[in-house]
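Reader: I am a first-year student, and I should be grateful for a close look at one part of this model, namely its sheets. Please set that part within the chain as a whole and then explain what surrounds it.

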Amino acid sequence: MAAVSAQAAVACSSPPTVDASPSSGLPEAVAQQRAKYVAEYGPDYVDHVIVPHLMNRVTQGERPVLPMIDVALTKENALPRDLWGLLSATWQPNPEEGVTVFLQGLEKRGPDNRRKRIYMSAVTPDLYRAVYQPKVVAFWNELFAPDNTNKPLMRVYLDTFWDLYWDLHLGVKGSDIPAQVREIGTSFMAVLAYRDVTQRNVHDNYMTVRKNLDFLKSWIDDRLGDISSGVTPNPKATFAWYWLTNGEGSEYFNHKDVVFECFHNFVAFSQWGNSLFNVMGTLARDAGDPQAKDWFAKTMSGSPDTGTPFPPLERFVMELFRVISPNGGSISALAETSPPPFDRYTYMVTPHPTTSRDAVQWVNPDAFDPERYLPTPTSAQVDQAKIQQMGLAGCPFDPVDWPVRDGRPAALRNSAFGTVFGVADGQPMPVCDYAGFAPFGFGYRRCPGEQLTTMAFEDLLRKVWTDRLDFVKVRGDGAEQLPVGPTTVIADDMGFVRRR
Ligand code: HEM
């Protein structure tokens, strides 16, 4: 806009010319950056990634008092604009090619957040115990095998993680995962971790993702064929089987959506890496958090798995996630009150770390205290009566059951705050529905992978306890820098040893 106005001002004596270049209309500082990078990376990357990156505005939102995010804070395309090229050949949202629940507004998800329920039908706690736990436990056993003692562990983790990822999603591992599929995952994670799209390294990884995207989608599609036709051994031990079966015939989770979710989950699962690294740091033998380490010993030497709704080990892992807070907040797309003068993209982050440590929520927000979850409400308890008891007039989200179609006696239910949770054999499997426990987000868009994640980390800690492992620093200077999670690049200097 500024460039056009300046042109008009000097155009008294000659006919006005229109600047039709891609930088026309951009604020001058952005146009300068565009000019700076275009020679190095080419116009395609610069106009679809660097310029949108500079035109993103991510604002800090307020700490919610209730675990119920307003539907006006939409998830519709709530992905920083410069990252769309990782998901779509056209560099922009392209729903015909598949949709992920993560980037969809509630109003488009079908009745009662249907798409979310179908998604979550694949990752409920009953399924973790029945079919996923053996895969996760085998992964931890391999990672913490004696051969890896005293080694920088995150390198080993990143080299082996894709076997677990694809085994969980599609029942494929080892040499059945093509090199290109491993490569795209690694590059995707690198872009999220380094995040500065002006860096050469990020550009190269970004373009590697794009180069392999079509191959990845058709490979996933073929594997879905294997699941449907019975070629895949034990298909009911894959997320995709539940998505195919429960989404079947539904406009809210079609075949292309299953393909899309299978690789969009790169974003979700990338957080296991930084979570693992931070768990090791929190429980480290010579550093770490003394309160957390005391609680770990106390929890494991008692009855870690006895009690409801959250047994002691589950409470301990919840507390780890509250203090670690693997991501900074829940991101929403915002509409401006009047049309902006040029394309820019505004988002708001509802913060997790500060909400989890808000003195409005807890009397002891900075203590490591797994018992804080003894009195907090669960998603199974927050109903109309609870809403009225809180002094509110009406139930914001009517609790509804959506029975799964996959043959299990199971349903997906929601709390009055919109939080979706599973019910199997008539037994609710709720989460802590309290704003002070923020790491997995809030309300209708809270993380459906929360319990899969906490149960996987419970298994990690069982292994650590049973095998008498200590987390230790294994290397000082010269540790390899590794992209282990969103906006997280670490020095790979943690490992484990076995106590005698
Ligand atoms: C350390 C691990 C994880 C953390 C900290 C985490 C955190 C979160 C948070 C905070 C949200 C809400 C985002 C928002 O409202 O803007 C979310 C949403 C989501 N997560 Fe996770 N997540 C993790 C792992 C997973 C896993 C393993 C899966 C899949 C199995 C998963 C699938 C999803 C999906 C599909 C959504 C979108 C839900 C919706 O919009 O309704 N996440 N996650």
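Author: A residue is called buried if 20 or more other C-beta atoms lie within 10 Å of its own C-beta atom. In this predicted model, buried residues make up 45% of the 500 residues in the protein chain. The secondary structure of the chain consists of 15 helices and 11 strands. The radius of gyration is 24 Å, close to the 23 Å that the globule rule gives for 500 residues, so the chain is as compact as a globular protein of that length. Along the principal axes, the C-alpha atoms fill a box of roughly 90 × 60 × 55 Å. Among contacts with a separation of 6 or more, 69% are between residues 24 or more positions apart.

We now turn to the sheets. In general, strands of a sheet pair through backbone hydrogen bonds, and they do so either parallel or antiparallel.

One open sheet has three strands in the order 1-3-2, and its pairing is mixed. Strand 1 and strand 2 are the edge strands, each pairing on one side only. On average, neighbouring strands of this sheet are turned by 30 degrees against each other, direction ignored. The word "mixed" can be followed pair by pair. Strand 1 (residues 56-60) and strand 3 (residues 345-351) run parallel and are joined by five bridges. Within this pair, Asn56 stands opposite Tyr345 in strand 3. Strand 2 and strand 3, by contrast, pair in the antiparallel sense, also over five bridges. Here Ser332 stands opposite Met348 in strand 3, and Ala333 has Tyr347 as its bridge partner in strand 3. These two bridges let the antiparallel sense be traced on the model: from Ser332 to Ala333 the numbering rises, while from Met348 to Tyr347 it falls.

A second open sheet has four strands in the order 4-5-6-7, with antiparallel pairing. Its edge strands are strand 4 (401-403) and strand 7 (427-429), each of which pairs on one side only. The twist from one strand to the next averages 30 degrees. Strand 5 (residues 410-414) and strand 6 (residues 420-424) pair in the antiparallel sense over five bridges. In this pair, Asn414 stands opposite Val420 in strand 6. A helix also belongs to the picture: helix 5 lies across strand 5, strand 6 and strand 7, running at about 60 degrees to strand 6.

Helix 5 leads to a backbone detail outside the sheets. The loop between helix 5 (125-143) and helix 6 (153-170) contains Asn150. Most residues other than glycine have a negative phi, and most peptide bonds are trans. Asn150 departs from the first of these habits, with a positive phi near 65 degrees in a residue that is not glycine. Asn150 counts as exposed because it has 12 C-beta neighbours inside 10 Å, and the limit for an exposed residue is 12 or fewer.

A second positive phi, of about 50 degrees, belongs to Thr487, which is likewise not a glycine. Thr487 is placed in the loop between strand 9 (481-485) and strand 10 (488-491). With 13 C-beta neighbours inside 10 Å, Thr487 counts as partly exposed.

The peptide bond from Thr308 to Pro309 is cis, with omega near -10 degrees. Pro309 is found in the loop between helix 11 (290-301) and helix 12 (312-324). Helix 11 also contains Pro290, which is exposed because 9 other C-beta atoms lie within 10 Å. The C-alpha atoms of Pro290 and Phe368 are separated by 9.2 Å, although the two residues are 78 residues apart along the chain.

Finally, the mixed sheet has a link to the ligand through strand 2. Strand 2 (329-333) supplies at least two residues of the shell around the ligand, as do helix 4 (114-120), helix 10 (255-282) and helix 15 (450-466). Helix 10 gives the most, with six residues. Of the 26 residues around the ligand, those that come nearest are Ala268, Ser330, Gly441, Cys447 and Gly449. By class, the shell has 14 nonpolar, eight polar and four charged residues. Strand 2 is thus an edge strand of the mixed sheet and also a contributor to the ligand shell.

Note on methods:
Residues are numbered from 1 along each chain as its sequence is written. This is a predicted model: local features need pLDDT of at least 70, side-chain atom pairs count only at pLDDT 80 or more; totals for chains, interfaces and linings use all residues. A residue is near a molecule or strand if its C-beta atom, placed from the backbone, lies within 6 Å of it. Ala, Val, Leu, Ile, Met, Phe, Trp, Tyr, Cys and Pro count as nonpolar, Asp, Glu, Lys and Arg as charged, and the others, Gly among them, as polar. The radius of gyration is taken over C-alpha atoms; the globule rule is 2.2 Å times the number of residues to the power 0.38. Two residues are in contact if their C-beta atoms, placed from the backbone, lie within 7 Å. Two strands pair if DSSP finds at least two bridges between them. Axes are lines fitted to C-alpha atoms, for helices over the stretch in contact, and angles run from 0 to 180 degrees between N-to-C directions.
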